[in-house]
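Work through the exercises below with the sequence and the 3D structure at hand. Each task is followed by its solution.

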Amino acid sequence: MAEEEAKRVEPQPPENPSPVAAEQLKKEEAKEEEEVVNSKDVCASDEKSLSPVPLEKPLPAPAIVQKVVDPFVEKNSEVAVDRDAVLARVEAEKRLALIKAWEESEKTKADNKAYKKLSAVESWENSKRAAVEAELKQIEEKLEKKRAEYTEKMKNKVVELHKIAEEKRAMVEANRQEEFLKVEETAAKFRASGYSPKKFFACFSA
């Protein structure tokens, strides 16, 4: 209603207003629009104040709570149990794997230790064998040298013995020749004198 009255009271602007009149007219129109807006706000606030107050609703009766087993919860609990079992199995496998790795590591250490000791024993044996072979070679060289010396001595001794034997044989041969000469001279005497040797007959008579 106030809006209709404002429209009805609104003056008609002149066809060709002057600049001052136009400015005055704009101010009046703005003032009238502001009054119309204020009147609308007042009406709206009055309507809100006159709206009926709602009655309070009665409180609902407490519902009986029944414990219902949720299959999702049961499934989650089963999943949790399975997960615990899987984790326990994983931990056991991990522990067994660690034990296996430790065992392999210790065996490898033992193998390396034994290999080092065997290598040391083999090296010691080779060095001792080389020393013994060198000593044996030295002994063989000494023996070979002594053998050569003894061989030379034996050869010289054999030559000397052969020389002595030749001298003895020569002496025996000389004695034989001398005996032959004596026998021949005696036999010639016996032939010349006509006598017979008595010793010869004595040997036969005996």
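**Exercise 1.** How many salt bridges does a search of the whole structure find?

Solution. This is a predicted model, in which local features need pLDDT of at least 70 and side-chain atom pairs count only at pLDDT 80 or more, while totals for chains, interfaces and linings use all residues. Residues are numbered from 1 along each chain as its sequence is written, and side-chain values use heavy atoms, with hydrogens and water left out. A salt bridge is a side-chain nitrogen of Lys or Arg within 4 Å of a carboxyl oxygen of Asp or Glu. The search finds 7 of them.

**Exercise 2.** Describe the salt bridge between Glu166 and Arg169.

Solution. Step one: the closest N and O atoms of Glu166 and Arg169 are 2.4 Å apart. Step two: both residues lie in helix H3 (helices are DSSP runs of H or I, at least four residues, numbered from the N terminus). They are 3 residues apart, about one turn of the helix. Step three: Glu166 has a relative accessible area of 37%, and Arg169 has 45%. Both are partly exposed, because that class lies between buried (under 20%) and exposed (over 50%), with a 1.4 Å probe and protein chains only.

**Exercise 3.** Describe the pair Lys100 and Glu104 in the same way.

Solution. The closest N and O atoms of this salt bridge are 3.6 Å apart. Lys100 and Glu104 are 4 residues apart in helix H3. Lys100 is partly exposed at 46%, and Glu104 is partly exposed at 37%.

**Exercise 4.** Is Leu143 buried or exposed?

Solution. Leu143 lies in helix H3, which covers residues 71–193. Its relative accessible area is 52%, so Leu143 is exposed.

How values were computed
Helices (H or I, at least four residues) and strands (E, at least two) are DSSP runs, numbered from the N terminus.
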